[in-house]
Amino acid sequence: MLADLPSDSLHSYIISMTRTASDVLSVVLLMRECGMADPLTVAPLFETLDDLYNAPGTLTTLLSSEWYRNHIISNHGGVQECMIGYSDSGKDAGRMAAAWSLFETQENIVNVADKYGVRLILFHGRGGSVGRGGGPTHMAIRSQPPKTIKVCCIAYY
């Protein structure tokens, strides 16, 4: 069905609970095997404390693959999207430990993307209560690690 939709119908395929690079690669392969001429951007969602800790390794595994880098260059303009989740990490470790892990993960995955010459778009699963990452937006933006906000734009999907 997705293969038959116009290419601008959907933008990203977000993989909740991404644990390994194979979670991303299996979705890319599935879209290819289904004949999608314009495959969706596949965005891993790192949300538990373990997933956040492992995110740099997961991204390194993906981007060190020449095949995968060529895929995102030819299909997505050399851009990799990643989503950062707040509620599960907060439940795993508490708000303070989760906030620190989110901060470190963002710094580390930006460095991985830079190493492989890939543009990284981070988007945040924030909202609702403070425990789910909610709160004043301006404070959230100002609290992001240096170098993780390179170009400011807001997109609604």
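Start in the middle of the sheet: strand 2 (residues 41–46) and strand 3 run parallel and are joined by 2 bridges. Two strands count as paired here if DSSP finds at least two bridges between them. Helices (H or I, at least four residues) and strands (E, at least two) are DSSP runs, numbered from the N terminus. At this junction, F46 stands opposite I84 in strand 3. On the other flank, strand 3 is joined to strand 4 (residues 119–125) by 7 bridges, again in parallel, and there G85 stands opposite G125 in strand 4.

A word on ground rules. This is a predicted model, so to speak of local features requires pLDDT of at least 70, side-chain atom pairs count only at pLDDT 80 or more, and totals for chains, interfaces and linings use all residues. Residues are numbered from 1 along each chain as its sequence is written, and side-chain values use heavy atoms, with hydrogens and water left out.

Now zoom out to the whole sheet. It is open, built from 4 strands in the order 1-2-3-4, and the pairing is parallel. Strand 1 (12–15) and strand 4 stand at the edges with a single partner strand each, so one side of each has no neighbour in the sheet. On average, neighbouring strands are turned by 25° against each other, direction ignored. For such angles, axes are lines fitted to C-alpha atoms, for helices over the stretch in contact, and values run from 0 to 180 degrees between N-to-C directions.

The chain has 6 helices and 4 strands in total, and from the N terminus on the elements run β-α-β-α-α-β-α-α-β-α. Two of the helices can be placed against the sheet. Helix 2 lies across strand 2, strand 3 and strand 4, at about 145° to strand 2. Helix 5 lies across strand 3 and strand 4, at about 160° to strand 4.

How enclosed is strand 3, and what does that rest on? Of the 7 residues of strand 3 (residues 79–85), 7 are buried, so the strand is largely enclosed by the rest of the structure. Buried means under 20% relative accessible area, exposed over 50%, and partly exposed in between (1.4 Å probe, protein chains only). V79, E81, M83 and G85 point one way from the strand, while Q80, C82 and I84 point the other way.

Take Q80 as a worked example. Q80 sits in strand 3 and counts as buried because its relative accessibility is 2%. Leaving aside residues up to four places away in sequence, Q80 touches V42, A43, P44, L59, Y68, I72, V118, R119, L120 and I121. A contact means heavy atoms within 4.5 Å. Seen from L59, with the same sequence neighbours left out, the contacts are Q80, C82, I109, V112 and L120.

L59 also turns up in the largest nonpolar core, which has 26 residues; V24, V42, L59, L63, Y68, I84 and I109 have the most contacts inside it. Helix 1 (21–33), strand 2, helix 2 (49–63), helix 3 (66–76), strand 3 and helix 5 are the elements that give two or more residues to this core. Such a core is a set of buried Ala, Val, Leu, Ile, Met, Phe, Trp, Tyr and Cys residues joined through side-chain atoms within 4.5 Å.

Helix 5 also holds the aromatic story. Rings of Phe, Tyr and Trp (its six-membered ring) pair if their centres lie within 6.5 Å; planes under 30 degrees apart count as stacked, over 60 as edge-to-face and the rest as tilted. By this rule there is 1 aromatic pair. W100 and F103 are stacked, at 5.5 Å centre to centre with 10° between the planes. They are 3 residues apart in helix 5 (residues 95–115), which means about one helical turn separates them. F103 counts as partly exposed because its relative accessibility is 22%. A99, also in helix 5, is partly exposed with a relative accessible area of 41%.

One backbone oddity remains: M17 has a positive phi of about 60° although it is not a glycine. M17 is in the loop between strand 1 and helix 1, and it is partly exposed at 32% relative accessible area.

Finally, some totals. Buried residues make up 38% of the 157 residues in the chain. Among contacts between residues at least 6 apart in sequence, 76% join residues at least 24 apart.
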